Amino acid sequence: MIPSKYQTLLLMLSGLTSAIAFIVSWGGILSPQIYLPFTPSQILPGAISQDIISVIASLGIVVCAIAIQRGVNRAWLIWLGLLGYLFYGYALYALDAIYNQFFLAYIAIVGLTVYTVIIFFAHVNLDYYQRITERSKPRRVIAIYLLFLFTLFNIVWLSQILPAIGSGLQSGVNTVFVLDLAFFLPLLAICAVLLLHRKPFGDLLAPVILIKAGTLGVSVFFGELLKPQFGQTIDPFMVGLFAVMGFASLAFARLALTQFG
């Protein structure tokens, strides 16, 4: 899938990324007060939950690197999905100007994940995926699910954005709106179209996007469940929304990975 010289570079970059993320995540878990001067109190449970999932994702990247070195090709896609989660999570911290002692580390994680993904896609052998497209796989059901997420989150986010525009009130999750509406949600739709047209690149993207969506959804889901520990009330709608996004996406990711060796 990847020439050996670039494989070594990619695994080194991802190893550095996961090491930095592991350290700063534990820093947030052990000292959550580092977020308080910069983060609205209602978002703090989500920050703690995100750090917990980031620790797991960092370790997962290392496990994937070991599997890749042993020739397990599907590990590349899990590896990419976990890098996508780290990019998204730490882009939120970097763009929301969380100026604590880890701020430069947040920027480093964002930069490392972006360049690692660019190098991967510049050198991946798509012929491998072209051969796989001849196998039977559940493209249509995965495409429908991606379009469902695309529609659902556009409705949910716009239902919050449009009233805020009318009232002039700022939202504490503005960066989420930007990343989702500008990048992540369109990518869901693009991947769905590629799957429906039986394009190899869609087969490659689907598990990556689903793993990223799943880990993020689980992170927000557990963040909601942590709210009572911070004297806050659980929002049942958000629990249900992100439970679906988290656990359903991971189930579909497992389904999408079944055709890869």
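1. Disulfides. This predicted model contains zero disulfides. The sulfur of Cys 64 has its closest cysteine sulfur in Cys 191, and at 18 Å the two are too far apart for a bond. For comparison, a disulfide calls for sulfur atoms within 2.5 Å. Cys 191 is likewise in no disulfide, with the sulfur of Cys 64 as its nearest cysteine sulfur.

2. Burial of the two cysteines. Cys 64 has a relative accessible area of 7%, so it is buried. Cys 191 is buried as well, with a relative accessible area of 0%.

3. Secondary structure. The chain has nine helices and zero strands. Read from the N terminus, the order of elements is therefore α-α-α-α-α-α-α-α-α. The radius of gyration is 18 Å, close to the 18 Å that the globule rule gives for 261 residues, so the chain is as compact as a globular protein of that length.

4. Overall dimensions and surface. The C-alpha trace spans about 50 × 35 × 30 Å along its principal axes. Of the 261 residues in the chain, 50% are buried. The accessible surface is about 12,200 Å², and carbon and sulfur atoms account for 69% of that area. Among contacts with a separation of 6 or more, 78% join residues 24 or more positions apart.

5. The nonpolar core. The largest nonpolar core has 84 residues, and within it Trp 79 and Tyr 106 touch the most other members. At least two residues of this core come from each of H1 (4-30), H2 (44-69), H3 (74-95), H4 (103-123), H6 (139-167), H7 (174-196), H8 and H9 (236-257). H3 gives the largest share, 15 residues.

6. Surroundings of Trp 79. Which residues are in contact with Trp 79, leaving aside its neighbours within four places in sequence? They are Leu 10, Leu 11, Ser 14, Ile 61, Cys 64, Ile 68, Thr 116 and Phe 120. Cys 64, discussed above for its lack of a bond to Cys 191, is thus one of the contacts of Trp 79.

7. Thr 215. This residue lies in helix H8, which covers residues 200-225. Is Thr 215 buried or exposed? Its relative accessibility is 12%, and because the limit for buried is under 20%, Thr 215 counts as buried. A polar atom of the Thr 215 side chain lies 2.8 Å from the backbone oxygen of Ile 211. Not counting residues up to four places away in sequence, Thr 215 touches Ile 53, Leu 82, Tyr 85 and Leu 250.

8. Ala 97. The phi angle of Ala 97 is near 55°, a positive value in a residue other than glycine. Ala 97 sits in the loop between H3 and H4. With 24% relative accessibility, Ala 97 counts as partly exposed.

9. Arg 198. Here too a residue that is not a glycine has a positive phi, in this case of about 60°. The position of Arg 198 is in the loop between H7 and H8. A reader checking the backbone of the model may wish to look at Ala 97 and Arg 198 together.

Methods:
Residues numbered from 1 in each chain as written. Predicted model: local features only at pLDDT ≥ 70, side-chain atom pairs only at ≥ 80, totals over all residues. Heavy atoms only, no water. Helix = DSSP H or I, 4+ residues; strand = E, 2+ residues; numbered from the N terminus. Buried < 20%, exposed > 50% of the residue type's maximum accessible area, 1.4 Å probe, protein only. Polar contact = N/O pair within 3.5 Å; in protein donor to acceptor, adjacent residues only side chain to side chain. Contact = heavy atoms within 4.5 Å. Core = buried A, V, L, I, M, F, W, Y, C linked by side-chain atoms within 4.5 Å. Rg over C-alpha atoms; globule rule 2.2 N^0.38 Å. Areas by Shrake-Rupley, 256 points an atom, 1.4 Å probe, with all protein chains shown as cover.
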